Amino acid sequence: MHGMRANNDWIGTAYAVNDYKSLPPAINTMLNDKFPGYTISSVNREMKKDQMAYELQLKNGDSKTKLLVDDNGNIIKQKTIDK
């Protein structure tokens, strides 16, 4: 599944995840901890070298954040999106 959108600046093979409950528990724990009040608007799962990573788009009102996390819930990259 290749063909990344132009506005997608993560490199790797991405798969859309539609069932957010299938995220590793460590990621859900981190989100509840660090991003209370945010909801997940999209999730892409991708392979980074030998590691699985997840690109999460979160939103809370007008505030949007894009996270890249590993399956242990560690944040690899974080970007706040301002309108």
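**Helix α1 and the nonpolar core**

Good morning. The buried residues of helix α1 pack against four strands, namely β2 (39-48), β3 (51-60), β4 (63-70) and β5 (75-81). Please keep in mind that this is a predicted model.

Which residues of α1, a helix that spans residues 25-34, are buried? They are I27, M30 and L31. These residues lie on the same side of α1, because the arc they cover around the axis is only 100°. The face turned away from that buried side carries exposed residues, which are P25, T29, N32 and D33.

Let us now turn to the core. The largest nonpolar core has twelve residues. The three buried residues of the helix, I27, M30 and L31, belong to this core, together with V17, L23, F35, V43, Y54, L56, L58, L67 and V69. Which elements give two or more residues to the core? They are α1, β3 and β4.

V69 is a useful residue to examine in the structure. Leaving aside residues up to four places away in sequence, V69 touches I27 and M30, and also A53, Y54, L56, N74, I75 and I76.

I close with F35, another member of the core. A search of the whole structure finds one aromatic pair. F35 and Y38 form this pair, which is edge-to-face because the ring planes stand at 90°, with the ring centres 5.6 Å apart. Are the two residues buried or partly exposed? F35 has a relative accessible area of 9% and is therefore buried, whereas Y38, at 25% relative accessibility, counts as partly exposed.

Thank you for your attention.

Terms used
Residues numbered from 1 in each chain as written. Predicted model: local features only at pLDDT ≥ 70, side-chain atom pairs only at ≥ 80, totals over all residues. Heavy atoms only, no water. Phe/Tyr/Trp six-rings, centres within 6.5 Å; stacked < 30°, edge-to-face > 60°. Buried < 20%, exposed > 50% of the residue type's maximum accessible area, 1.4 Å probe, protein only. Arc of directions from axis to C-beta. Contact = heavy atoms within 4.5 Å. Core = buried A, V, L, I, M, F, W, Y, C linked by side-chain atoms within 4.5 Å.
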